[in-house]
Amino acid sequence: MRLLIVEDEAELASALARGLRREGHAVDTAATASAAELKLVSAGYDLVLLDWNLPDGSGVEICRAVNTGDLAVFGEKPRVLMLTARDDVDDRVLGLDAGADDYLVKPFAFVELAARVRALLRREDGGTPVLTVGTLRLDPARFEATQDQNPLDLTAKEFSLLHYFMAHPGVVLSQERLLEHVWDEMADPFTNVVRVTVSNLRKKLADPSVIETVPGRGYRLVVV
Amino acid sequence: MTRPIVFVRSIRFRLSVLYSLVVFALGGAILGVAYYFLHRNLRRLPLIFDSRVMTINGRPIIIQDIDVDTAQLVEQAITQRALDLLADYSIVALIVLFLLSLVVGWIIAGRALRPVADMTAVAREIQASDLSRRIGYSGPEDEMSRLAGTFDEMLERLDGAFHAQRRFLADTSHDLRTPLAVIRSNIDVLAADPEASLDEWREAGGIVQRNAERMAEMIDDLLAAARLEVRAAAMVQVDLAEQVTEMAVELGPRAAEVGVALEARAQPARIDGVPHSLRRAVANLVDNALKAAPSGSSVLIGTGTLDGWAWVMVADGGEGIDPAAVDQPGRAGLGLSIVKEIAEAHGGVLAAHRGSERGTAMVIWIPTVADPGPVPTGVPGPAHEPARLQGL
């Protein structure tokens, strides 16, 4: 899943990005409100981690703009997790009312942040902590994937790719869409990185035919 | 059983009883005096005294059928009856008057004391967390309205102090949480990664060190704020120009470290103040300016006077901050909060100006005379350069 961290403390943003990438997410960062807005309109994010106080604006305003549609985000509206040092009940209420899906007060334990990120993304998967499609089973919290109860040895990128396929079973997913949601902004849109990763994933699956190629359109996870 | 005690102890009760007693005493005195003189004169000056002649309405009447003694007895009986009746009715009238005055006194005292009851109700409703309530007394200009007004003013001051403190605490906790979050997240993420390299740990060590220092500085600032309160009373004559000239020399090396030149353009500006706190305020402004100023630019410290106000300005050519942020909790930051506190402790204000393109000018205004006019608006003095503060 693709995440955007909007945080002006560079040392905090980079640590969070590193940790969340290890969890298998594609992560971009923005240090200012204007940079965040630019990224939100030019790429599709599944979740935005939003700091309240930004040097040139307020995270709550971005959150509100995303929800009211004043900011025309790319693709579907992302979920929003407010990440702030303001812990007043009034502030929390204000943040959640502005459309934030969750609110975490700094300083927090990284494991809690990671769990909340998983919980928010899970809502998109249909609400179950463990995804099951046919004989495939994927547990994002434990970073475990199995096919016919045999563990699969996947890289972080292959794991997130499988996660995305399993979150959209039976749907034809274009290369662009996969690139958008599984890779971060550092990925070159003109490479064949998607094709290569899909093929590597297939090789590791006991039954490669579950991911089929739809010529000219993309890939699909076959629902048995 | 507290109810009757409260009732008896109330001013309303005491006032109405006092009022009734006064009315009762006066009424009693009037009736008593009337009775006394009536009694005395009727006895001393009877109509029938020596002969068979009595005078009624100035006309002599000859008494023929009864003797004088009997006639005197009859007159005495009539007089006694009149006096007795007078005494009886007087007592009844006094009792009625007493009861009536008690009721009237109770009502009048209640009316006069109503604002007091209102004030008590408001004071009872005021919670420590909400000092926004006011009595808002709207009666005639009298003792009550002055009392209510004084009470409202006191609430206003308490409310202001309470808000300032809350803001200060919000700023402080916000500013302390941020470096703590940086430290915690960096350590958490590395600790969870068994493949983290030594270089990554070294880098995290540096981050922890820097942020721990940041927190230590904040705690110093907090202590400085506490100290400010203690020493606020010890005001002496200070020339701001001397202070900033010294400071420019002291802070020069630190500015040079980040590649920024520090210039002082000090015109005499004498005020009554606390030199230690004023220096702390200017140092905080310079700190912020040095952080904002791009390498190779210069930061200006200026002083001067204008219309009964002395000013200290610190200007940089950085990105420019939102001037409104100075007044918003959580956005000003602890350093700026302290500057604001210090300016206000000297009867002054802190104003922020942003260049239309870039640059920030922070100005502390402190009055030089007892009753200065309104704080001048805009950036003081000719001491800024367009190159540094574009469009200011």
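**Group meeting: a predicted two-chain model**

Let me start with chain B. Take its contacts with a separation of 6 or more: residues 24 or more positions apart account for 74% of them. Keep in mind that this is a predicted model. Chain B has eight helices and nine strands. Of its 392 residues, 28% count as buried.

Confidence next. The mean pLDDT of chain B is 81. In this chain, 86% of the residues reach 70 or more. Among the elements of chain B, strand β7, residues 309–316, has the highest mean pLDDT, at 92. Helix α1 of chain B, residues 2–9, has the lowest, at 62. Then look at residues 383–392 of chain B. There the pLDDT is below 50. Even at that score, the stretch has 33 contacts in the model beyond near neighbours in sequence. For the complex, the predictor gives an ipTM of 0.71 and a pTM of 0.56.

One helix in chain B deserves a slide. Helix α7 of chain B covers residues 275–292, which is 18 residues. From first C-alpha to last it reaches 26 Å, close to the 26 Å expected at 1.5 Å a residue. Which residues of α7(B) are buried? Starting from the N-terminal end, the list has B:S277, B:L278, B:R280, B:A281 and B:V282. It goes on with B:N284, B:L285, B:V286, B:N288, B:A289, B:L290 and B:A292. Note that B:R280 is on that list.

After that helix, go to B:S297. This residue is in the loop between α7 and β6 of chain B, with β6 at 298–306. Buried or partly exposed, B:S297? Partly exposed, because B:S297 has 18 C-beta neighbours inside 10 Å, and a buried residue needs 20 or more. Its C-alpha is 8.1 Å from that of B:D316, and the two residues are 19 apart along the chain.

Now the contact between the chains. Chain A puts in 17 residues and chain B puts in 16. On the chain A side, α1 (10–22) and α5 (110–125) each supply at least two residues. Which element gives the most? That is α1(A), with seven residues. By class, the chain A side has nine nonpolar, two polar and six charged residues.

The helix α1(A) also has a place on a sheet. It lies across β1 (2–6), β2 and β3 (47–51) of chain A. It runs at about 170° to β2(A).

Here is that sheet. It is open, with five strands in chain A, and the order is β2-β1-β3-β6-β7. The pairing is parallel. The edge strands are β2 (26–30) and β7 (102–105) of chain A, and each pairs on one side only. From one strand to the next, the twist averages 20°. Look at one edge in detail. Strand β6 of chain A, residues 79–84, is joined to β7(A) by four bridges. Within that pair, A:L81 stands opposite A:D102.

Just past that edge there is a backbone feature to check. The peptide bond between A:K106 and A:P107 is cis, with omega at about -5°. A:P107 is in the loop between β7 and α5 of chain A.

Two more backbone points in chain A. A:F143 has a positive phi of about 60°, and it is not a glycine. It lies in the loop between β9 (136–139) and β10 (144–147) of chain A. With 13 C-beta neighbours inside 10 Å, A:F143 counts as partly exposed. Then A:D148, also not a glycine, has a positive phi of about 55°. That residue is in the loop between β10 and β11 (150–151) of chain A. Exposed or buried, A:D148? Exposed, because A:D148 has 10 other C-beta atoms within 10 Å, and the limit for exposed is 12 or fewer.

Last item: another sheet in chain A. Three strands form it, in the order β12-β14-β13. This sheet is open and its pairing is antiparallel. Why do β12 (172–173) and β13 (211–214) of chain A stand at the edges? Each has a single partner strand, so one side of each is left without a neighbour in the sheet. β12(A) pairs with β14 of chain A, residues 218–221, over two bridges. In that pairing, A:V172 has A:R220 as its bridge partner.

Key
Residues numbered from 1 in each chain as written. Chains lettered and ligands numbered in written order. Predicted model: local features only at pLDDT ≥ 70, side-chain atom pairs only at ≥ 80, totals over all residues. Contact = placed C-beta atoms within 7 Å. Nonpolar A, V, L, I, M, F, W, Y, C, P; charged D, E, K, R; others polar. Expected span 1.5 Å × (residues − 1). pLDDT = per-residue confidence, 0-100. Pairing = 2+ DSSP bridges. Axes fitted to C-alpha atoms, helices over the stretch in contact; angles between N-to-C directions.
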